[in-house]
Amino acid sequence: MNPLIATGAAAYAGLGLVSFLKPGVVPAVIGSTAPNADSRTEIRAVYGGLPLAFAATLATSPASATAIGVATAGMAAGRAGSAVFEGRPSAKMVGFIALEVAVAGALLWGARTHRSA
């Protein structure tokens, strides 16, 4: 696996592990809470399970980097597009957009170099 795809896999693995093991961290980042078992279960599923599945998929099938890179770019676009409804994003959201764009770029560039190798 090339280093760009490995970076994307590691980023998703880290997000997934933290979210699965400590689900309260996810809403705390944006100043909220996960007050009950259902909310923590939802966080474990979406912010834990899905990123861990992305990481495993990238590790076992580097060719999946294109699809996962596009999905990651979609997350960044969703955050950015939210400005239409919510107004200018906070510095924290701009940081998340930048991080998602960077991971998407790494995965898409890594997929391109993976195909040519």
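This is a short tour of a predicted model, stop by stop, with a residue to select at each one.

Residues are numbered from 1 along each chain as its sequence is written, and side-chain values use heavy atoms, with hydrogens and water left out. Because the model is predicted, local features need pLDDT of at least 70 and side-chain atom pairs count only at pLDDT 80 or more, while totals for chains, interfaces and linings use all residues.

Begin by selecting Asn2, which sits in the segment before helix H1 (3-21); helices here are DSSP runs of H or I with at least four residues, numbered from the N terminus. With a relative accessibility of 16%, Asn2 counts as buried, where buried means under 20% relative accessible area, exposed over 50%, and partly exposed in between, using a 1.4 Å probe and protein chains only. A polar atom of the Asn2 side chain lies 3.0 Å from the backbone nitrogen of Leu4, and the Asn2 side chain also reaches the backbone nitrogen of Ile5, at 2.9 Å. If residues up to four places away in sequence are set aside, Asn2 touches Gly110, Thr113 and His114, a contact being heavy atoms within 4.5 Å.

Next, select the largest nonpolar core, which has eleven residues in all: Ile5, Ala9, Tyr12, Phe54, Ala55, Leu58, Ala65, Ile68, Val103, Leu107 and Ala111. Such a core is a set of buried Ala, Val, Leu, Ile, Met, Phe, Trp, Tyr and Cys residues joined through side-chain atoms within 4.5 Å. At least two residues of this core come from each of H1, H3, helix H4 (65-81) and helix H6 (91-116). Within the core, pause at Leu107, whose contacts beyond four places in sequence include Leu4, Gly8, Gly69 and Thr72.

Then move to Glu100, which also belongs to helix H6. Glu100 has a relative accessible area of 10% and is therefore buried. Apart from neighbours within four places in sequence, Glu100 is in contact with Thr72, Met75, Ala76 and Arg79.

For a view of the outside, select Val18, which lies in helix H1 and, at 42% relative accessibility, counts as partly exposed.

Finish at Gly31, in the loop between helix H2 (25-29) and helix H3 (37-60). Is Gly31 buried or exposed? Its relative accessibility is 70%, so Gly31 counts as exposed. Looking back towards the start of the tour, the C-alpha atoms of Gly31 and Leu4 are separated by 32 Å, with the two residues 27 apart along the chain.

Methods
Polar contact = N/O pair within 3.5 Å; in protein donor to acceptor, adjacent residues only side chain to side chain.
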